[in-house]
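Me: Can you walk me through this fold? Short answers are fine.

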Amino acid sequence: MSPEQRNEDPGISYVTVDGIEGKMARVELPDGTTEDWRLASLPTGVKEGDVVRLDVQGGDVDLEVDHEETDRRHALGQRTLDRLNAQTPAGDLDL
């Protein structure tokens with residue numbers, strides 16, 4: 001379900017673009033579930049890993065890539081990975 005199809009008026013929320021394939025983007029919703037949205041429904045130039053800010057007011061949907069939040073989440077992920085790697089004897093976590 002794309003943001004245009006929602007009948008709710010949730011205000012501001014964020015989704016993360018997990019992957020892009022062809023004309024579709026898999027996005028992670030605030031509750032941790034994922035959905036496939038049309039790439040055309042997202043801001044132009046959106047990339048995998050971007051955080052998209054959705055502002056729904058009075059039935060209007062405004063979407064924009066939140067670069068500051070994207071950078072913050074990338075830095076948090078890197079710090080978490082670095083901390084996990086530091087706890088292993090070889091210095092790299094085996095997945």
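Reply: Sheet, helix and one strand residue follow, in that order.
This is a predicted model, where local features need pLDDT of at least 70, side-chain atom pairs count only at pLDDT 80 or more, and totals for chains, interfaces and linings use all residues. Residues are numbered from 1 along each chain as its sequence is written, and side-chain values use heavy atoms, with hydrogens and water left out.

Me: What is the strand order in the open sheet?
Reply: The order is β3-β2-β1-β4-β5, five strands with antiparallel pairing. Strands are DSSP runs of E, at least two residues, and helices are runs of H or I, at least four, numbered from the N terminus. Two strands pair if DSSP finds at least two bridges between them.

Me: Which are the edge strands?
Reply: β3 (34–38) and β5; each pairs on one side only.

Me: How many bridges join β2 to β3?
Reply: Five, and β2 covers residues 24–28. R26 stands opposite D36 in β3.

Me: And β4 with β5, how many bridges there?
Reply: Six, in the antiparallel sense. D55 has D62 in β5 as its bridge partner. Two residues sit between the strands of this hairpin, and G58 takes a positive phi near 60 degrees.

Me: Switching to the helix. Which residues does α1 span?
Reply: Residues 67–86, 20 in number. From first C-alpha to last, α1 reaches 28 Å, close to the 28 Å expected at 1.5 Å a residue. That expected span is 1.5 Å times one less than the number of residues.

Me: Which α1 residues are buried?
Reply: E69, T70 and N85. Buried means under 20% relative accessible area, exposed over 50%, partly exposed in between (1.4 Å probe, protein chains only).

Me: Where do they sit around the axis?
Reply: On the same side of α1, because they cover an arc of only 140 degrees. The arc is that of the directions from the helix axis to the C-beta atoms. On the other side, E68, D71, R79, R83 and A86 are exposed.

Me: What do the buried ones pack against?
Reply: β4 (51–57) and β5 (60–65). Contact means heavy atoms within 4.5 Å.

Me: What caps the N-terminal end of α1?
Reply: D66, with a side-chain oxygen 3.3 Å from the backbone nitrogen of E68.

Me: Last one, Q57. Which strand is it in?
Reply: Q57 is in β4. Q57 is partly exposed, at 45% relative accessible area. The C-alpha atoms of Q57 and I12 are separated by 8.5 Å, though 45 residues apart along the chain.

Key: A polar contact is a pair of N or O atoms within 3.5 Å; within protein, one must be able to donate a hydrogen and the other to accept it, and residues adjacent in sequence count only if both atoms are side-chain atoms.
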